[in-house]
Amino acid sequence: MTYMKFIATPIASLAILSNICVVILFLRNTIWLKKPYNVFILSLAFTDLTTGIVMIIAPGLSFKPTTVPDNLFFGRLYCQTIAGYWLFFALGAVSVYTCLLLTIERWTAICRPLKYRMRFANKHLIKYLVLIWILGFGTSRIGTVERTYQAKTSNMTAAKCIGTPLVEGDFIGLMTVLSVSLKFFIPSGIILVLYACAVRKIIQTGKQFHGQNKRQQVIINVTKMAATASLVLIACWLPSQINLILVKYGKAKLFSHFHNSTIVLVSMNSTLNPFIYALWGRQFRIGIKSGLCRCIGHTTKSDVTLNSGQEGSYELSCTSGQNNNAFEISNM
């Protein structure tokens, strides 16, 4: 497991850096949040940023030694969240449900456009975000092992976390299948079905209004970005969830090379999302490149605020001079 530290730590660092760029981009351009899909993208970026932070502090995934706090409150909190990677996988479930709500939003925009404004009005978005976190954390609480805190008994001992089985025998596998189905397989299946319906609708609409509807092209581009992020998430998490079921049924082993590779794949998902946004969204591409240029020591020649109504294409370059560095944006 030691080699995992040399793999997970750079991945976590890049996840934190890239998602901070996305979050800052939204904070500087709050007008983007008038679009419901951008609210879900910001929520996903925040979840990925938190996941990167958890990877940095989680024992076994970082260079931080496994030390259970002596304080009773923080010791219990540590055992129930960080130890055993519960919080890490719970944030993954939050990401899955975020992509599910984003998928429903895209499906509604394409297949039920007359109901879109009513279902995704601003007053409903906060409710959806709260529901996402409740579902993500709630389904993650369904498990087979509970980690409890055991305080140190003397100055010669240390506090530790103890795993307590909640079920035994055949129920272990059944509870695992139930948990994985609720937090991954069922929402992932819905995502795939809804995007299939959306693609069919786009093809039908494209034949009717070929090259005549600019708004339709915007909808398609946003849907491509959302679909790519959702499909990459499913691809990254699927091996891990299948392996978890196999472990509970005794068909695979924890901390094997295959198990570790599934953890690395899961970790990479939080790093990939900002680059997916940049691939399909011009404003993200401009903003993320601006943020990365600043992080590597380049200063901005001019401070440009982007908004969703900006027209034209942009070409960016980070150039270094003898006396100063400049970040240039040119409108083509």
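**Residues and helix packing in the predicted model**

T98 lies in helix α4, a helix that runs from residue 86 to residue 111. The structure described here is a predicted model. T98 has a relative accessible area of 1%, and since this value is under the 20% below which a residue counts as buried, T98 is assigned to the buried class. When neighbours within four places in sequence are left aside, T98 is in contact with F40, S43, L44 and I132.

A second residue of helix α4, E105, was examined in the same manner. The relative accessibility of E105 is 0%, and E105 is therefore counted as buried. The side chain of E105 makes a polar contact with the side chain of Y116, at 2.3 Å. With residues up to four places away in sequence not counted, E105 touches P36, Y37 and F40, together with Y116 and F120. F40 thus appears among the contacts of T98 and also among those of E105.

Helix α4 as a whole is mostly covered, with 24 of its 26 residues buried. Its length was also compared with expectation. At 1.5 Å a residue, the 26 residues of α4 should span 38 Å, and the C-alpha atoms at its ends are 37 Å apart, so the two values agree.

Across the chain, 10 helices and four strands are assigned. Read along the sequence, these elements follow the pattern α-α-α-α-α-α-β-β-α-α-α-α-β-β. The chain comprises 332 residues, of which 44% count as buried. Among contacts in the chain with a separation of 6 or more, 73% are accounted for by residues 24 or more positions apart.

The packing of one helix pair, α2 and α9, was considered next. Helix α2 comprises residues 36–57 and helix α9 comprises residues 257–280; their axes come within 9 Å and cross at roughly 145°. This crossing of α2 and α9 is left-handed. On the α2 side the contact is made by I41, L44, A45, D48, T51 and M55, and on the α9 side by S267, S270, N273 and Y277. Classified by residue type, the contact of α2 with α9 has five nonpolar, four polar and one charged residues. L44, one of the α2 residues in this contact, is also in contact with T98.

Helix α9 also contains F275. With a relative accessible area of 40%, F275 is partly exposed, because this value falls between the limits of 20% for buried and 50% for exposed residues. F275 touches L14 and S18, not counting residues up to four places away in sequence. The C-alpha atoms of F275 and I288 are separated by 8.5 Å, and these two residues are 13 residues apart along the chain.

A further pair of residues involves helix α3, which comprises residues 72–81 and in which L72 is found. L72 counts as partly exposed, at 46% relative accessibility. The C-alpha atoms of L72 and A159 are separated by 9.5 Å, although L72 and A159 are 87 residues apart along the chain.

In terms of accessibility, T98 is buried and E105 is likewise buried, whereas F275 is partly exposed and L72 is partly exposed.

Technical notes
Residues numbered from 1 in each chain as written. Predicted model: local features only at pLDDT ≥ 70, side-chain atom pairs only at ≥ 80, totals over all residues. Heavy atoms only, no water. Axes fitted to C-alpha atoms, helices over the stretch in contact; angles between N-to-C directions. Helix = DSSP H or I, 4+ residues; strand = E, 2+ residues; numbered from the N terminus. Left-handed = near helix turned anticlockwise from the far one by under 90°. Contact = heavy atoms within 4.5 Å. Nonpolar A, V, L, I, M, F, W, Y, C, P; charged D, E, K, R; others polar. Buried < 20%, exposed > 50% of the residue type's maximum accessible area, 1.4 Å probe, protein only. Polar contact = N/O pair within 3.5 Å; in protein donor to acceptor, adjacent residues only side chain to side chain. Expected span 1.5 Å × (residues − 1).
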